Amino acid sequence: MTTTMTTSGLPAAERSGSLRASVVTMTPSPAVDRVYLVDTMRSGEVNRASRVHSFLSGKGINVAKNLRNAGGTAVAVTMLADGDRHLVGDDDLFRVVPAPTPARVNTVVVSCDGATTNVNERPRPLSEESWAVLCAATAAAIRERSADWLVVAGSIPSAMGRPGALRPAQLARDAADNGTRLCLDSGGAVLREWLSQGFVPDLVKPNLAELGAAVGRELHTMADAVAASRSLIDRGTGAVLASLGGDGALLVTPAHELWARPPRVDVVNTTGAGDAALAGFVADLVGGGSDDRLEASLRRAVAWGSHAVREIEAVPRSHPDLLGIDVDEPPLALRLDIRS
């Protein structure tokens, strides 16, 4: 059974053949991804790479690139040191503020069977002053583009001199002042901390492990994932879009639960699949309408995520339609892969 559902939580206008949402992304801790392709990955041994790719990455940057590649409207706000500015050149996708330290380096090892091993450098602490500058640049981009969405994505640095992540209050005020919906796509610990501070996002997009971390327990079945998502909704979150790897994606709103699963695809690199899915989900969700298209947005999210895993880079160059995506009520007994 496939159901088309509506909710007052995330209104979306009817599609008119273009992606109409204006999206600003904020990536506080960008990284240079170095991707090594190997025949096989053996721990504790010398592994030879047949190819090596290097590019600027980070969740918010990936979301913005996906949207631009698909013909959408996006701006990526981030921080880079002077020595890293060449990574963006004169690309008008970016709004860059000065960073006190060079970008992190993430190592991604991809074997021929599609298995992906990531070693991600921890984000470096950031001063309250630098955080304020980044927030101000983000607010300026929101006003400039009359943004429908602000997507705060990736690792959130800790504050210099105190434990815990930098605080989201200014971001929430700037988004609210401009009528911009706010999405958080970060680790479960940050999500849990920000929610405890009264942060109420319109959308969060964890993977299964992050969703479990946000609620403080392991999730093994679809029923576990639905219950965890419901607990975030009960705390004020507008919607939860949980990416489940090969098991598709789960969308939970105050009124409804939807699950979409893609057909089987050849996997090359799973890095960036969740970013592509988030970009696909928000790409056409704009405010002011009552005719919701959650099923269409969820289908697009799963399609874009599926295309991403077939590319060596984290962002696919195109986003064609993908047939065979089923949307239904979530099968609560389904056991899920925690590695999703």
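## Close-up views of a predicted model

**Figure 1. The second largest pocket has a volume of about 320 Å³.** Of the 15 residues lining this second largest pocket, those closest to its centre are Arg300, Ala303, Trp304, Pro320 and Asp321. Sorted by class, the lining of the second largest pocket comprises nine nonpolar, two polar and four charged residues (nonpolar: Ala, Val, Leu, Ile, Met, Phe, Trp, Tyr, Cys and Pro; charged: Asp, Glu, Lys and Arg; polar: the others, Gly among them). A pocket is an open set of points on a 1 Å grid over the protein atoms alone, with protein on both sides within 12 Å along at least five of seven lines, and a lining residue has an atom within 4 Å of a point. Grid points are joined across faces, edges and corners, and the volume is the space filled by probe spheres set on them. The model is predicted, so that local features need pLDDT of at least 70 and side-chain atom pairs count only at pLDDT 80 or more, whereas totals for chains, interfaces and linings use all residues. Residues are numbered from 1 along each chain as its sequence is written, and side-chain values use heavy atoms, with hydrogens and water left out.

**Figure 2. One cavity of 30 Å³ or more is present in the structure.** Of the 17 residues that line this largest cavity, Pro28, Ser29, Pro30, Thr101 and Pro102 are the closest to its centre. The space in the largest cavity comes to about 150 Å³, a cavity being a set of grid points where a 1.4 Å probe fits but cannot get out. Its lining divides into twelve nonpolar, two polar and three charged residues.

**Figure 3. Strand β1 (residues 22-27) is mostly covered and pairs in the parallel sense with both β4 and β8.** Six of the six residues of β1 are buried (under 20% relative accessible area; exposed is over 50% and partly exposed in between, with a 1.4 Å probe and protein chains only). Burial extends to both faces of β1, with Ser22, Val24 and Met26 on one side and Val23, Thr25 and Thr27 on the other. Six bridges link β1 to β4 (residues 73-80), and among the residues involved valine 24 has valine 75 of β4 as its bridge partner. The pairing of β1 with β8 (residues 149-153) runs over four bridges, and here valine 23 has tryptophan 149 of β8 as its partner. Strands (E, at least two residues) and helices (H or I, at least four) are DSSP runs numbered from the N terminus, and two strands pair if DSSP finds at least two bridges between them.

**Figure 4. Four strands form an open sheet with the order β3-β2-β6-β7 and mixed pairing.** At its edges are β3 (49-57) and β7 (116-120), each of which pairs on one side only. Strand β2 (residues 31-38) runs antiparallel to β3, and eight bridges join the two; one example is tyrosine 36, whose bridge partner in β3 is valine 52. Valine 119 belongs to the edge strand β7 and, at 55% relative accessibility, counts as exposed. From the C-alpha atom of valine 119 to that of valine 109, ten residues away along the chain, the separation is 8.6 Å.

**Figure 5. Helix α4 (residues 188-196) has buried residues at Gly188, Val190, Leu191, Trp194 and Leu195.** These residues lie on the same side of α4 because they cover an arc of only 160 degrees around the axis, the arc being that of the directions from the helix axis to the C-beta atoms. Just after α4, glycine 198 adopts a positive phi of about 90 degrees. Aspartate 202 follows in the loop between α4 and β10 (203-204), where its relative accessibility of 27% makes it partly exposed. Between aspartate 202 and glycine 216, which are 14 residues apart in sequence, the C-alpha to C-alpha distance is 21 Å.

**Figure 6. Serine 146 occupies the loop between α2 (128-145) and β8.** Its phi is near 45 degrees, which is a positive value in a residue other than glycine. With a relative accessibility of 55%, serine 146 counts as exposed.

**Figure 7. Methionine 222 is placed in helix α6 (residues 222-234).** Methionine 222 is buried, its relative accessible area being 0%. The C-alpha atoms of methionine 222 and alanine 81 are 42 Å apart in space, with their positions 141 residues apart in sequence.
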